[in-house]
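This report introduces the structure shown below to a reader who has not met it before. It turns to the sheet, then to a helix, and finally to a single residue.

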Amino acid sequence: MRIRLKPLSEQVLVITGASSGIGRTAARLAAEEGARLVLAARDREALEDAAAECERAGGRAAVVSCDVAEERDVRRLAREAARAFGGVDTWVNNAGTSVYGTLEEVPLEDLRRLMDVNFWGVVYGSRAAVPLLEARGGGALVNVGSVLSERAIPLQGMYCATKHAVLAFTDA
């Protein structure tokens with residue numbers, strides 16, 4: 001079965017981690033093509049700025065303050081995305097964080113937070129996205145990884161572990 005995606009100008013995209021970096025850039029580029037966007041991140045003010053940038057670029061944008069490490073927040077994101085634009089065509093699990101240091105140096109709570117955001121955020125997002133995508137007859141689920149999904153490096157061992165987990169989850 002070959003999947004055909006709608007042109008961006010006809011799509012509704014959810015992008016987590018949309019307040020900065022890759023997420024914000026992807027949102028702006030999709031907006032330039034006329035996409036409707038649901039932008040999610042923890043920082044409401046940064047999201048509002050990103051939404052204004054997307055609207056200046058030609059898209060329409062709604063914002064949802066959301067911590068992807070909290071399943072209830074991600075379920076709320078899915079509900080609000082469906083309510084804002086009537087459905088979702090592409091869901092991008094992009095939110096992520098990192099820490100630098102040896103396993104002895106980095107506090108366990110920081111390592112747990114890393115796994116909660118980078119891995120569980122993808123799991124929660126994927127589980128929320130699939131019913132919305134199926135309701136529209138298909139679409140795209142994008143789980144953002146890293147070159148470090150396949151290669152561990154010193155001082156970022158736990159980050160690499162989270163991205164290894166995302167790769168295995170996505171492949172499965």
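## The sheet

In this predicted model, five strands form an open sheet in the order S3-S2-S1-S4-S5, and their pairing is parallel. The edges of the sheet are taken by S3 and by strand S5, which covers residues 140–143, and because each of these has a single partner strand, one side of each is left without a neighbour in the sheet. From one strand to the next, the twist averages 15°.

Strand S2, made up of residues 36–41, pairs with S3 in the parallel sense, and six bridges join the two. Within this part of the sheet, valine 38 stands opposite alanine 62, which belongs to S3.

## A helix on the sheet

Helix H4, which spans residues 108–135, packs on the sheet, where it touches both S5 and strand S4 (90–93), and the direction of the helix makes about 180° with that of S4.

## Aspartate 67

After S3, which runs over residues 60–65, the chain enters a loop that leads to helix H3 (71–85), and aspartate 67 lies in this loop. Is aspartate 67 buried or exposed? Aspartate 67 has a relative accessible area of 16%, and because this is under the 20% limit, the residue counts as buried.

A polar atom of the side chain of aspartate 67 lies 3.0 Å from the backbone nitrogen of alanine 69. Leaving aside residues up to four places away in sequence, aspartate 67 touches Arg42, Asp73, Val74 and Arg113.

Definitions and conventions
Residues numbered from 1 in each chain as written. Predicted model: local features only at pLDDT ≥ 70, side-chain atom pairs only at ≥ 80, totals over all residues. Heavy atoms only, no water. Helix = DSSP H or I, 4+ residues; strand = E, 2+ residues; numbered from the N terminus. Buried < 20%, exposed > 50% of the residue type's maximum accessible area, 1.4 Å probe, protein only. Polar contact = N/O pair within 3.5 Å; in protein donor to acceptor, adjacent residues only side chain to side chain. Contact = heavy atoms within 4.5 Å. Pairing = 2+ DSSP bridges. Axes fitted to C-alpha atoms, helices over the stretch in contact; angles between N-to-C directions.
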